[in-house]
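This report describes one protein chain, going from its interior to its pockets, its charged pairs and its loops. The sequence and the structure come first.

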Amino acid sequence: MVNTAENLTLDWITGVGTPTRPTTPLKVALVTANGSDSAAGTEVTGGSYARKTLAVAAAVSGATSNSADLVWTGMPAATVVGVEIWDSAGTPVRLWYGALAVNRTVASGDELKIVAGSLAISIS
């Protein structure tokens, strides 16, 4: 989780203030350079690339994962090193980020797929 999401979660759990729920649907972005708690990574651009809608099941033991495949077609040539999860607000808010277990290099026009259950999201 990024700092913003951590603060919203803690405020909601402790009843502090009136934290705003993220605007759904949540979107998955692919990055060529990973970000940090406070700074976004470098998002893929070009080709037919666009953020994909994230579908998840109810959390169990503080974790969940994508319940449907995430498929990007017509990718630009890139080496994807991580993902970020953003909300769909007019000015989107970044909520999570993480490195891929293995970088994925795609050629122009290739497809990149994250199969259902492979994108783990947790609070620890």
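## The nonpolar core

The largest nonpolar core has 24 residues, and the members that touch the most others are V28, L30, L54, W72, M75, L112 and I114. Five strands each supply at least two residues of this core: β1, β5 (70–72), β6 (78–86), β7 (94–106) and β8 (112–114). The most comes from β6, which gives five residues. The model is a predicted one, and what follows should be read in that light.

M75, one of the core residues named above, can be followed further. Neighbours within four places in sequence are left aside here; beyond them, M75 is in contact with L30, V44, Y49, V80, V106, A107, S108, G109, D110 and L112. Two of these partners, L30 and L112, also appear among the core members that touch the most others.

## The largest pocket

Which element gives the most to the lining of the largest pocket? The helix α1 does, with five residues. The space in this largest pocket comes to about 820 Å³. Its lining is made of 25 residues, and those closest to the centre are M1, T9, P22, W96 and I123. Two or more lining residues come from each of α1, β4, β7 and β9 (120–122).

Sorted by class, the lining of the largest pocket holds 18 nonpolar, six polar and one charged residues.

## The second largest pocket

The second largest pocket holds about 330 Å³ of space. There are 20 residues in its lining, with V83, A99, S118, L119 and A120 the closest to its centre. The elements β6, β7, β8 and β9 give two or more residues each to this lining.

The strand β7 gives the most to the lining of the second largest pocket, with eight residues. By class, the lining of the second largest pocket divides into 14 nonpolar, three polar and three charged residues. The strand β7 also belongs to the elements that give two or more residues to the lining of the largest pocket, and it supplies at least two residues of the core.

## Salt bridges

How many salt bridges does the structure hold? There are two salt bridges. Side chains of opposite charge can pair when their charged atoms come close.

One of the pairs is R51 with E43, where the closest N and O atoms are 2.8 Å apart. R51 counts as partly exposed, because its relative accessibility is 25%. E43 is also partly exposed, with a relative accessible area of 26%.

The other pair is E84 with R94, where the closest N and O atoms are 3.5 Å apart. This pair links distant parts of the chain: E84 lies in strand β6 and R94 in strand β7, ten residues apart. Are these two residues buried or exposed? E84 is buried, because its relative accessible area is 3%, and buried means under 20%. R94 counts as buried as well, at 9% relative accessibility.

## Backbone features in the loops

The peptide bond between T24 and P25 is cis, with omega about 5 degrees. P25 sits in the loop between α1 (3–14) and β1 (27–33).

A second backbone feature is at S61, which has a positive phi of about 55 degrees although it is not a glycine. S61 is placed in the loop between β3 (52–53) and β4 (63–65). With a relative accessible area of 78%, S61 is exposed.

## Two pairs twelve residues apart

T20 is in the loop between α1 and β1, where P25 is also found. T20 counts as exposed, at 62% relative accessibility. From T20 to L8 there are twelve residues in sequence and 7.4 Å in space, C-alpha to C-alpha.

T91 lies in the loop between β6 and β7, the two strands that hold E84 and R94. At 66% relative accessibility, T91 is exposed. T91 and T79 are likewise twelve residues apart in sequence, but the distance in space is 26 Å, C-alpha to C-alpha.

Note on methods. Residues numbered from 1 in each chain as written. Predicted model: local features only at pLDDT ≥ 70, side-chain atom pairs only at ≥ 80, totals over all residues. Heavy atoms only, no water. Helix = DSSP H or I, 4+ residues; strand = E, 2+ residues; numbered from the N terminus. Buried < 20%, exposed > 50% of the residue type's maximum accessible area, 1.4 Å probe, protein only. Core = buried A, V, L, I, M, F, W, Y, C linked by side-chain atoms within 4.5 Å. Contact = heavy atoms within 4.5 Å. 1 Å grid on protein atoms, 1.4 Å probe; cavity = no way out; pocket = protein on both sides within 12 Å on 5 of 7 lines; lining within 4 Å. Points joined across faces, edges and corners; volume = space filled by probe spheres on them. Nonpolar A, V, L, I, M, F, W, Y, C, P; charged D, E, K, R; others polar. Salt bridge = Lys/Arg side-chain N within 4 Å of Asp/Glu carboxyl O.
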